[in-house]
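This report describes the architecture of a two-chain assembly for a reader at the bench. It proceeds from whole chains to single residues.

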Amino acid sequence: MIDSVFVKPGMSPKEIVSCVRNLGAIALTSTGMRDAGQSDYKNRLRMRDLSTLSSEYDAMGLFSSECHGGARWHVGIMNRRESPFEEIALLREKMPNVLLQTLVRETNLWGYRPYPKNIIEHVISRVDIDVWRCFSFLNDVRNMRTVAEIVMKRGRLFQPAISFTQADWTTNAYYLGLVREMVDLCGGTDEIILCVKDMAGVGSPRRIHSLFDSIKQAWPDLVLQYHRHATDGLALPAILAAAQAGAGIVDVEEDSLTRFFGQAPLLSVASYLEESGLKVHLNRKDADVAVQKVREWIGHYEWAESPFKGFDYGVVMHRMPGGAFPSSFEQAQKGGFLHLMPAILKVMSLYNQIVKYFDVTPGSQVTWVTCSGIVNHYAKERGMAGVNHVIQLLARFVEEKNQEFDALMPEDQEELLHLFRTAPGDFRQLIMGNYGKLPMGWPADWVYTSTFGDEGREKIGQRREDSPLDALPDEDLARMRHELTEQLDRSVSEEEFILYLMHPKDALDFIRFREKYGDAPRVLPTDVWHSGLKRAGAKVEFEYRGVPYSIERVSIGAEHDGIIHAVMKVNNQMRVFKIETPRAKKEEIRMAKGLSDIGAPINGTVWRIGNPERGAVKAGDIVHKGEEIANLEAMKMENAIFAPYDAQIVEIPVKINQMVRQGQLLFVLEEVKQVE
Amino acid sequence: MMDKKIRKVLVANRSVPAVRVIQTCQDRKIPTTAVYSTPDRLAAHVFMATDAVHIGEAPPIESYLNMEKIIAAARKSGANAIHPGWGFLSENTKFARMVVDAGLIWIGPSSDVIHMMGDKIESKKIAIAADVPTIPGINSPKNAEEIRRWMKEEDVAFPVIIKASSGGGGKGMVKVSSDPEIENALAQARSEGKKSFGNDEVLVEKFIEKGRHIEVQIIADQHGNVIHLYERECTLQRRNQKIIEEAPSPSIDDDIRRSICETAVRLMQKIGYSSAGTVEFLFDSATSRFYFLEVNTRLQVEHGITELVTGVDIVSLMLDVAEGEKLPFAQEDINPNRWALEVRLNAEDPATFSPSFGNISRLHLNLYPGVRVSQGVYEGSDIPPYYDSLIMLLMTSGPDRETAIMKMDSILCRNLRVEGVKTLAPMLLSIIRHEDFISGDFSTRFIEEHMDELVSKFTEDDSEEEALKIARYVAEISALGTPNWI
């Protein structure tokens, strides 16, 4: 079976590129472990299930497995409670022959803000990935420099990606300009593979053929990869067109994973290309097993699927990327505005002609928040009539008046000049140039007035032309690491620190979750992970650290005062878990926090407040540096509390003979400065 | 002549010591009476005894230190002997006298001897008289100035240690590292002495850096036979309380061993000691000199390792001696042929030594070849905040030190589970795995000096703990339904 493997981790980029050039067949990247799940299952497909495919991946002759990056990182820590690092480690172990591929944003990496250079360097150099697909939602190739340099210096394969959309302004000449910049950035065509990233699935077969053909004519040696979503229903012919025009690798996913917004089905693509006279490099037998294996667990993810079903040819207008589909519809559902989705998509298709960039993270989020915000605003103020009104207004402006602002009626002008007033901060950042250069230049001046009001004119003068890489000052990593150490009150691993750099708050939640629930996200089957054990006697069995485990539900008691007692058998031993419901009374213990707070050094009893010389002290008293102000007793040992400086006692939140916990607030002091 | 036959023993103690004494009584088919305070109503020792008497509320002064109530309890239950265990009233002269005056048998040394040795100042004088080396110090200083004067006159440098003269078990002992600390330290030692022992008199001694704590176990009968059961090393302490002990001591050679044991016997003969007792020494490894510290006129926590290496039952011998029997063996019959190690499993946060109270929701210990366990709690026990944090003693023994350490490692690492309260287990494991402990190179300051390193080596990788985290997740999702974050 090993015969099918033609590229392997450890090969230099040059060797990999050369292997693809000499393969004599179209190679495949499976997005089954990343984009497939992101586009149709909100990134909820779990490591435990996906890794069942690894033995097939290891033998089926893929170019790579896209198993990392995009939103998978963030959703991993937030929702699946899986770390991207443990995922890589597991896959390395289970499929050592497969190139692991990530998708990374050029300055945002796997987070949502542009990071300074030193963070990019720190993170990129510590993530063990073989193929680095890197894109810019502005196609601002300058922004890719840092990632490209570090990846190439590490001897890993850099894959610059063109964000593709089909519009009157995205001509072949425009894309060829980008390819030139990328090839120049990477010192030629021998150590890179260039990706055309059709993230919304909008490239018509003819358009795609023309694009690949013109790139191939200009750079015959450049290995091209086509990444395409299936949203418009035309993925297969578009992929064939790309392959016929010279794409060496195409992205696919297991047929059984396909729904509507991810990649095209692997076995179908392979058959279709072969029938059209192209050779495809794939071990069919293993691929078929992988496709069948998916069916064993995909049924557990119905809850994660998009509430919006079916292909959507309208995508060629609204251009919502496949990876954003399920999460956007989920937000609409949770926010109670699912019925407004058609209007939002319509507004998006007009908006993207006013402010031109590519709808892919973080641009797609800017588009989504801005457009859903506008529609919701009108819906709240004026109901459905208002929503229709704003769509008509935008259509009039874009389609009838061809965006000639002065050609609009004064009342329409006035309304447009307020349209973006409530736009999110990211939209403001974007049009100020803080993410980089917009592909077709700045939006029209009225957009600034609409966004910033009277300050619009001033803001136009403040737009930036440089790359955020040059604009952002380095962060103090030592301080940030210290910050995390303080938060966790323990030393932190490098991986935890990187998670924290990407998503500070969510990383903390994740780390605390795993401290409490251990490897539950890794070992539990998905039905139990999602819904628990549903009745007495139900059990879940798994292997963990080389030995079998069984967890059986015995009984779950009624709720009393916000507490439920759950009795479970863990490997036949009865265990009682005390579970707090949201109604549980939280016992508020005030802990010492700031410099003015004096906390208990130990668990114990406050047996004296004050000292033998002066007797008890109380709020309002002045105490002197080094003076004993309280004494705790624990197990018959005394622990004196001394005033750290001359101070007035503001508050004593404990009473004499009260039991206190370590760190519990004993005194609030206010320092008294000596006045001579 | 009073009837010296012990018919029933009241054990004036709780938890580990009470259980230990009751165990030997059970072996010898002697009925026992337990006493208990209100929070100890369902404690382990209560149910091991033949019967049990409530003696008061939680504060020790109202219960386990309440002499009248304890004697009344003995009368009520028909016990004719009282064993005090260790701690509480075990070294209380007045109580020993009250027991005898009440016509009961006191299982321990005479009240006169307790009195003589109970005061650190007095006992030091006696030691000097018996030609036993002692640490330079000053007795009963009235104030900080007097301490300063003594240090100047005797050319003593910091650190020094202030000890409550009737203290013990680490209580009322405060180390002073610099001049400005003297006042507070003196006040603390006095206050703790007053609170724990009702006496605020103190003495001050030079603090011997890197000192090692070695003690000799003595057993003596009422007929003048004083025998030593060799020494124990109790150097590993935190806050002056021992947490790991072993026998024999790895720090001394046979010459010093002979010398230190004979010195102990000589002192105990001199004071006419009977029953079990311990002579404590501080060993200065830099000079190979040992100094008398104190005599503990009672059964010690760590007596078990001596039992393991010598094969005798010290509690049983205490009963024999109390009944007026002669010791059944001579010095030359005692031939230790084993190495034993003990750790004190306290209910404390292992990283801070802060006590951990609460309910022991799970207690599981796999019995294991070469292990002895002395426990004062059971699964489900509450650990009330009023008393000592010791919940269990774990002892291992083997032909050599390596074997004893190896077995202790196995127990702590894979065969013991305590849930519901924190225990010192991770710290203990970290210590016995430390290269300096393994090589025998440590002092009484070992723990404070290596604290961060020891804490950093806590092994968190406990499969059962991890499985329970998973089970907790399943329990919560099963009880509360699919969480909204998922």
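Two residues are said to be in contact if their C-beta atoms, placed from the backbone, lie within 7 Å. On that basis, 67% of the contacts in chain B with a separation of 6 or more are between residues 24 or more positions apart. The model is a predicted one.

**Overall form of chain B**

Chain B holds 16 helices and 21 strands. Its C-alpha atoms fill a box of roughly 75 × 55 × 45 Å along the principal axes. The radius of gyration of chain B is 23 Å, which agrees with the value near 23 Å for a compact globule of 486 residues. Of these 486 residues, 53% count as buried.

Helix 5 of chain B, residues 111–118, illustrates the interior. Six of its eight residues are buried, so this helix is largely enclosed by the rest of the structure. The buried residues are S111(B), V113(B), I114(B), M116(B), M117(B) and G118(B).

**Domains of chain A**

Chain A is divided into four stretches: domain 1 (2–304), domain 2 (335–470), domain 3 (533–587) and domain 4 (597–671). The centres of domain 1 and domain 3 of chain A, taken over C-alpha atoms, are separated by 42 Å.

**Parallel strands around strand 3 of chain A**

Strand 3 of chain A covers residues 100–105, and six of the six are buried, so the strand is largely enclosed by the rest of the structure. L100(A), T102(A) and V104(A) point one way from the strand, whereas Q101(A), L103(A) and R105(A) point the other way; all are buried.

Strand 3 of chain A pairs with strand 2 (residues 64–69) of chain A in the parallel sense, over four bridges. Within this pairing, S65(A) has L100(A) as its bridge partner. Strand 3 of chain A also runs parallel to strand 4 (residues 131–135) of chain A, and five bridges join the two. Here the bridge partner of Q101(A) is V131(A).

**An antiparallel sheet of chain A and a helix of chain B**

Further along chain A, four strands form an open sheet in the order 10-11-12-13, with antiparallel pairing. Strand 10 (539–544) and strand 13 (573–580) of chain A stand at the edges with a single partner strand each, so one side of each is left without a neighbour in the sheet. Neighbouring strands of this sheet are turned by 30 degrees against each other on average, direction ignored.

Strand 10 of chain A pairs with strand 11 (residues 547–556) of chain A over six antiparallel bridges. E541(A) has S550(A), in strand 11 of chain A, as its bridge partner. Helix 16 (residues 463–480) of chain B packs on the sheet, touching strand 10, strand 11, strand 12 (563–570) and strand 13 of chain A. The direction of this helix makes about 130 degrees with that of strand 12 of chain A.

**Contact between the chains**

The contact between the chains takes 39 residues from chain A and 32 residues from chain B. By class, the side of chain A that touches chain B has 23 nonpolar, eight polar and eight charged residues.

**Backbone features in loops**

Four loop residues are listed below with a notable backbone value.

| Residue | Backbone feature | Loop |
|---|---|---|
| P362(A) | cis peptide bond from T361(A), omega near -5 degrees | between helix 16 (341–354) and helix 17 (363–400) of chain A |
| P248(B) | cis peptide bond from A247(B), omega near 0 degrees | between strand 12 (241–247) and helix 9 (254–270) of chain B |
| R81(A) | positive phi of about 60 degrees | between helix 5 (72–80) and helix 6 (84–94) of chain A |
| K210(B) | positive phi of about 60 degrees | between strand 9 (202–206) and strand 10 (211–220) of chain B |

R81(A) is not a glycine, and neither is K210(B). R81(A) is buried because 21 other C-beta atoms lie within 10 Å, where 20 or more are required. K210(B), with 15 C-beta neighbours inside 10 Å, counts as partly exposed.

W303(A) lies in the loop between helix 13 (284–297) and helix 14 (315–318) of chain A. With 13 other C-beta atoms within 10 Å, W303(A) is partly exposed. W303(A) and R44(A) are 259 residues apart in sequence, yet their C-alpha atoms are 9.6 Å apart in space.

Conventions
Residues are numbered from 1 along each chain as its sequence is written. Chains are lettered from A and ligands numbered from 1 in the order in which they are written. This is a predicted model: local features need pLDDT of at least 70, side-chain atom pairs count only at pLDDT 80 or more; totals for chains, interfaces and linings use all residues. Domain bounds come from an automatic or database domain assignment. Ala, Val, Leu, Ile, Met, Phe, Trp, Tyr, Cys and Pro count as nonpolar, Asp, Glu, Lys and Arg as charged, and the others, Gly among them, as polar. A residue is buried if 20 or more other C-beta atoms lie within 10 Å of its own, exposed if 12 or fewer, and partly exposed in between; C-beta atoms are placed from the backbone. The radius of gyration is taken over C-alpha atoms; the globule rule is 2.2 Å times the number of residues to the power 0.38. Two strands pair if DSSP finds at least two bridges between them. Axes are lines fitted to C-alpha atoms, for helices over the stretch in contact, and angles run from 0 to 180 degrees between N-to-C directions.
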